[in-house]
Amino acid sequence: MSFDVLQKKIIEKRNPTVAGLDPKPEQIPPHILKMACDQYGETLAGAAEAVWQFNRGLIDALSDVVPAVKPQSAYYERLGWRGMEVMERTISYAQERGLFVIADVKRGDIGSTAQAYADGWLGETQVGESACSAFHADCVTLNGYMGSDTVLPFVDTCRKYGKCLFLLAKTSNPGSGELQNLTAGDRLVYQLLGDMAERLGTGTEGDYGYGLAGAVTGATYPEELRELRARLPHTFFLVPGYGAQGGTAEDVQYAFDRKGCGAVVNASRSIMCAWQKTGKGGADFQEAARAAAEAMRDAIGQYVTIL
Ligand SMILES: O=c1ccn([C@@H]2O[C@H](COP(=O)(O)O)[C@@H](O)[C@H]2O)c(=O)[nH]1
């Protein structure tokens, strides 16, 4: 199954992290933004070109350090169709460079609509006699709060195409407890969502013991991370909240199993925007991102030994 693909890449690179690609125009080095705007004006077309050049540079700099990237769809959607075209191009380019791609789309809707999302992000759309693939990501994030029937089309699509998904369980944001820590019968809501992932993945466990349905558990809640790891032995974790949101290497150690497997830790701004801290005006954005990704890998390596 597809978490095997991710886990193998993590083992090869000795690095259980994923670099987020969440580019805002104001976080793109000025020379890249200027070049794009000189060509296309200060327009959405200019912004989309700048995002593409920035992403390509980041992927080139990071592809032998990190096993995966996670483009967050919001930053592409805000640029309209041009942004979505850059999203598609970014996914293809990252995959060509050997990276596993998690499309952070957090979708959730009634079954028929969920199937359309699953076709677009992971599978194929039938057009007459032809099966056409759109974004072809390796994995997506989903919001399962509408119930398991809204996730099942993604599960079927993952089975068919060897892909995988992450369900939001305990998210990293400050307000996550407002709903997720409420009691639902004999469990807390985030435990229920974690249990849903464990259940939906049953029977699809791969070489490392993980099913195709993973869970999102924030680095900012290490106690919940520890508890969910023990509770969900076959559920792979996506752990956002490292770096810019305050999560540390010490915090995320609890996401991993005894072999140092079963989780991938995300950092977006702290890698992507590392150039803003070097005082070189962005000319060194690739070196800065690479150094930040290596520092994150090494910090987590102080606490987690992979296999
Ligand atoms: O609980 C969650 C779920 C998803 N995210 C996403 O991860 C990145 C975090 O970005 P940073 O810059 O490293 O803070 C971003 O794409 C979020 O949408 C999350 O933060 N928490």
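The exercises below concern a predicted model and are each followed by a worked solution.

**Exercise 1. Determine which residues of helix α2 are buried and how they are arranged around the helix axis.**

Step 1. Helix α2 spans residues 30-40, and its buried residues are Ile32, Leu33 and Ala36.
Step 2. Viewed down the axis of α2, these buried residues fall within an arc of 95 degrees, so they line one face of the helix.
Step 3. Pro30 and Asp38 lie on the other side of α2 and are exposed.
Step 4. The cover over the buried residues of α2 includes α3 (44-62).
Step 5. Just after α2 comes glycine 41, with a positive phi of about 80 degrees.

**Exercise 2. Place lysine 106 in the chain, classify its exposure and list its contacts.**

Step 1. Lysine 106 belongs to strand β3, residues 100-107.
Step 2. A residue is buried at 20 or more C-beta neighbours within 10 Å and exposed at 12 or fewer. Lysine 106 has 17 C-beta neighbours inside 10 Å, so it counts as partly exposed.
Step 3. Leaving out residues up to four places away in sequence, lysine 106 touches Thr141, Leu142, Asn143 and Leu168.
Step 4. In an unreviewed UniProt entry, the annotation "active site" covers Lys106. The unreviewed entry also has the annotation "domain: Orotidine 5'-phosphate decarboxylase", which covers residues 16-292. Over residues 16-292 the chain is 42% helix and 18% strand, with the end C-alpha atoms 14 Å apart.

**Exercise 3. Describe the burial of strand β12 and its pairing with β1 and β11.**

Step 1. Five of the five residues of β12 are buried, which leaves the strand mostly covered.
Step 2. Ala263, Val265 and Ala267 point one way from β12, while Val264 and Asn266 point the other way; all are buried.
Step 3. Strand β1 (residues 17-21) runs parallel to β12 and is joined to it by three bridges. Alanine 19 has alanine 267 as its bridge partner in β12.
Step 4. Strand β11 (residues 237-239) is likewise parallel to β12, again with three bridges. Here leucine 238 stands opposite valine 264 of β12.

**Exercise 4. Characterise the shell of residues around the ligand.**

Step 1. There are 19 residues around the ligand, of which Gln72, Thr171, Pro240, Ser268 and Arg269 come nearest.
Step 2. By class, the shell divides into four nonpolar, 12 polar and three charged residues.
Step 3. At least two residues of the shell come from each of β12 (263-267) and α12 (269-272).

**Exercise 5. Identify the buried residues of helix α7 and what covers them.**

Step 1. Helix α7 covers residues 152-161, and its buried residues are Pro153, Phe154, Val155, Thr157 and Cys158.
Step 2. Elements covering these buried residues include the helices α1 (2-13), α6 (111-121) and α9 (189-201). The strands β6 (139-142), β7 (164-170) and β10 (213-217) are also among the covering elements.
Step 3. Glycine 162, just after α7, takes a positive phi of about 70 degrees.

**Exercise 6. Locate arginine 97, classify its exposure and give its separation from proline 153.**

Step 1. Arginine 97 sits in the loop between α5 (80-96) and β3.
Step 2. With 14 C-beta neighbours inside 10 Å, arginine 97 counts as partly exposed.
Step 3. Apart from residues up to four places away in sequence, arginine 97 touches Ile59 and Ser63.
Step 4. Arginine 97 and proline 153 are 56 residues apart along the chain, and their C-alpha atoms are separated by 29 Å.

Technical notes:
Residues are numbered from 1 along each chain as its sequence is written. This is a predicted model: local features need pLDDT of at least 70, side-chain atom pairs count only at pLDDT 80 or more; totals for chains, interfaces and linings use all residues. Helices (H or I, at least four residues) and strands (E, at least two) are DSSP runs, numbered from the N terminus. The arc is that of the directions from the helix axis to the C-beta atoms. Two residues are in contact if their C-beta atoms, placed from the backbone, lie within 7 Å. UniProt positions are given in the numbering used here, feature names are shortened, and annotations may be inferred rather than shown by experiment. A residue is near a molecule or strand if its C-beta atom, placed from the backbone, lies within 6 Å of it. Ala, Val, Leu, Ile, Met, Phe, Trp, Tyr, Cys and Pro count as nonpolar, Asp, Glu, Lys and Arg as charged, and the others, Gly among them, as polar. Two strands pair if DSSP finds at least two bridges between them.
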